[in-house]
Amino acid sequence: MKDPKTLTLDPPPPQPPPAFSLFPTLNPPQKTLTFHKISTLLITFVAYAAFHASRKPPSIVKSVLGPDPNSPQTGWPPFNSSRGPHRLGELDLAFLSAYAIGMYFSGHVGDRIDLRVFLTVGMIGSGVFTVLFGLGFWLDVHSLSYFIMIQICCGGFQSIGWPCVVAVMGNWFGKSKRGLIMGVWNSHTSVGNIIGSIIASSVLGFGWGWAFLLPGILIVIISIIVFLFLVVNPETIGLKLPSEEEEAETEISTEGMALVNLQKVDSEEDDDDDDESTSNGVVSSSPAIGFLEAWKLPGVAPFAFCLFFSKLVAYTFLYWLPFYIRNTAVAGEQLSHKTAGILSTIFDIGGVLGGILAGFISDQIEARAVTSIMFLTLSIPSLIFYRLYGSISMFNNISLMFLSGLLVNGPYALITTAVAADLGTQTSINGNSRALATVSAIIDGTGSIGAALGPLLAGYISTRGWNSVFFMLILSLCIAGLLLIRVVRSEIKGKVNEGKWLWFSAIAC
């Protein structure tokens with residue numbers, strides 16, 4: 001029991017959503033546990049897809065805001081000068097830096113208030129600042145500081161999304177998650193990118209402000225659904241997960257679950273030997289693992305730095321691909337802003353399949369590092385071919401872009417989900433959930449730094465030519481793969497010692 005002298009205030013338990021009062025049939029036993037698990041999965045999927053949809057417009061309007069070599073008088077000051085790409089890269093840096101830093105603070109706050117309310121606040125804030133960016137078109141704003149401040153604020157609100165949706169998923173799906181399942185759920189990022197690209201590209205002809213206005217309104221509308229219907233955990237509505245799921249080690253540890261769970265350390269420091277649950281439903285009585293200790297765990301540093309370079313490549317495509325397509329002739333024809341934006345969704349469609357495929361393969365061969373290095377190695381020639389032959393014809397452009405998206409996003413999705421979970425629950429730390437949180441924070445935080453750096457570098461390097469940008473991306477993929485070589489060797493040796501992969505031993509001999 002807690003010492004009354006050191007008693008701290010626990011956060012209030014989450015309340016049932018308002019919709020459960022408006023629609024009594026949603027309450028158990030009218031609706032089963034399975035129904036609510038599926039509902040939670042769908043709501044969190046749609047919610048985070050909306051975050052990415054509202055995050056996509058800056059990449060779509062780059063070709064409109066930035067300088068056009070064929071029409072020097074076009075563009076939007078201060079982005080239409082020779083240093084325009086630099087300014088656009090600085091916008092990306094402002095957003096992604098605020099996003100990366102905000103993730104850690106969001107974890108602290110999300111652990112202390114109702115996640116449903118916190119997620120709603122994040123969605124509304126993201127929508128408001130996305131709309132404010134678009135209002136710069138109608139208000140004729142040409143101040144760089146205005147747009148940078150908007151992106152900083154938007155990045156802060158966007159950082160709320162991932163910790164909340166993954167924490168909620170952890171409450172409902174506490175049982176160990178396989179790579180395939182997490183790959184499917186994690187496809188909401190690519191789905192959101194596709195939706196945002198289509199919406200923003202479709203309205204560019206009416207003015208670039210509409211590309212921000214509509215996605216901003218969309219996420220606000222979906223936030224209402226989240227506020228009304230999202231159930232934070234089963235106990236809130238009187239349900240209980242099966243005992244085997246309650247006892248399973250949580251393996252959902254992507255960009256936000258770790259950051260939310262990391263704060264369990266603070267709220268439980270005064271607990272004695274009794275196991276106690278926090279408001280988000282995670283139970284742990286093990287001592288927290290130190291930050292430096294977590295870095296020393298097998299595999300953590302290699303995968304963390306691998307994600308740094310892998311995410312650098314993925315986010316460079318996320319923010320600069322439409323601009324690249326617009327400024328590169330396909331079959332001798334310069335594509336319109338709208339066509340370039342819609343065509344860029346092919347990369348995200350490939351990313352959906354890549355995340356699922358990487359998860360499935362890693363499950364089948366039971367080797368995450370081997371799967372990751374396979375995808376990273378194959379992505380290098382795919383980018384080379386896309387740069388060299390993507391402009392020959394529309395068929396080449398689409399097929400090579402799809403293949404590049406599949407191979408680039410595969411390891412990125414795998415590392416942020418199943419890999420982080422594996423490392424945080426390895427036998428050397430006895431499945432300590434606090435170690436899981438710390439390890440995941442290290443991996444995802446390191447990757448977010450790369451995500452912030454990549455688009456900024458692309459903005460500066462693109463002025464020297466796109467060959468230089470692709471060289472940077474290919475070099476990053478090479479480094480990412482090299483960082484995993486020792487882990488790959490360890491995985492292969494382990495499989496051979498287990499009596500598996502004997503064919504590999506025969507080939508090696």
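**Exercise 1. A charged pair and a ring**

Determine whether Arg116 and Asp114 are buried or exposed, and then establish which contacts of charge involve Arg116.

*Solution.* Step 1. In this predicted model, Asp114 is buried and Arg116 is buried as well. Step 2. A salt bridge requires a side-chain nitrogen of Lys or Arg within 4 Å of a carboxyl oxygen of Asp or Glu. Arg116 and Asp114 satisfy this criterion, with an N to O distance of 3.7 Å. Step 3. The charged end of Arg116 also sits over an aromatic ring, that of Phe227, at 4.8 Å from the ring centre. Arg116 therefore meets the side chain of Asp114 in a salt bridge, given the 4 Å limit, and its charged end is placed over the ring of Phe227.

**Exercise 2. Salt bridges involving helix α4**

State how many salt bridges the model contains, and analyse the pairs Asp92–Lys62 and Arg87–Glu90 by distance, position and burial.

*Solution.* Step 1. The count of salt bridges is four. Step 2. Between Asp92 and Lys62, the closest N and O atoms are 3.0 Å apart. This pair connects distant parts of the chain: Asp92 belongs to helix α4 (residues 84–110) and Lys62 to helix α3 (residues 57–65), with their positions 30 residues apart in sequence. Lys62 and Asp92 are both buried. Step 3. The charged end of Lys62 also sits over the ring of Trp320, 4.9 Å from the centre of that ring. Step 4. Arg87 and Glu90 form a salt bridge with an N to O distance of 2.6 Å. Both residues lie in helix α4, three residues apart, or about one turn of the helix. Step 5. Arg87 has a relative accessible area of 15% and is therefore buried; Glu90, at 18%, is likewise classed as buried.

**Exercise 3. A buried acid without a salt bridge**

Explain why Asp348 has no salt bridge, and describe the surroundings of Asp348 and Thr345.

*Solution.* Step 1. Asp348 is located in helix α17 (residues 345–365) and is buried. Step 2. The nearest side chain of opposite charge is that of Lys56, 4.1 Å away. Because the salt-bridge limit is 4 Å, this pair is not counted. Step 3. Lys56 is nevertheless in contact with Asp348, as are Ser190, Asn193 and Ile194, when neighbours within four places in sequence are left aside. Step 4. Thr345 lies in helix α17, and its relative accessible area of 6% makes it buried. Beyond residues up to four places away in sequence, Thr345 touches Ile194, Ser197 and Ile198. Ile194 thus appears in the contacts of Asp348 and in those of Thr345. Step 5. Thr345 and Met401 are 56 residues apart in sequence, with a C-alpha to C-alpha distance of 9.3 Å.

**Exercise 4. Aromatic pairs**

Give the number of aromatic pairs, then classify the geometry of Trp138–Trp210 and of Phe385–Tyr389.

*Solution.* Step 1. The model contains 28 aromatic pairs. Step 2. For Trp138 and Trp210, the ring centres are 5.3 Å apart and the planes meet at 85 degrees. Because angles over 60 degrees count as edge-to-face, this pair takes that class. Trp138 lies in helix α5 (residues 115–138) and Trp210 in helix α10 (residues 209–229), so placed that the pair links distant parts of the chain, 72 residues apart. Trp138 is partly exposed at 39% relative accessibility, and Trp210 is partly exposed at 32%. Step 3. Phe385 and Tyr389 have a centre-to-centre distance of 6.1 Å and an angle of 40 degrees between planes, which is a tilted arrangement. They share helix α18 (residues 368–389), where they are four residues apart, about one turn. Phe385, at 41%, is partly exposed, and so is Tyr389 at 39%. Step 4. Trp138 and Trp210 also belong to a cluster linked by ring pairs, whose members include Trp76, Phe79, Phe133 and Phe212.

**Exercise 5. The chain as a whole, and its confidence**

Characterise the fold of the chain and identify where confidence stays under 50.

*Solution.* Step 1. The chain has 23 helices and zero strands. Step 2. Of its 509 residues, 58% are buried. Step 3. Among contacts between residues at least 6 apart in sequence, 81% join residues at least 24 apart. Step 4. The mean pLDDT is 80, and 77% of the residues reach 70 or more. Step 5. Residues 244–286 stay under 50 in pLDDT, although the model gives them 138 contacts beyond four places in sequence. Residues 431–437 also stay under 50, with 32 such contacts.

Notes:
Residues numbered from 1 in each chain as written. Heavy atoms only, no water. pLDDT = per-residue confidence, 0-100. Contact = heavy atoms within 4.5 Å. Helix = DSSP H or I, 4+ residues; strand = E, 2+ residues; numbered from the N terminus. Buried < 20%, exposed > 50% of the residue type's maximum accessible area, 1.4 Å probe, protein only. Lys, Arg positive; Asp, Glu negative; His and termini not counted. Phe/Tyr/Trp six-rings, centres within 6.5 Å; stacked < 30°, edge-to-face > 60°. Lys NZ or Arg CZ within 6 Å of the ring centre and 35° of its normal.
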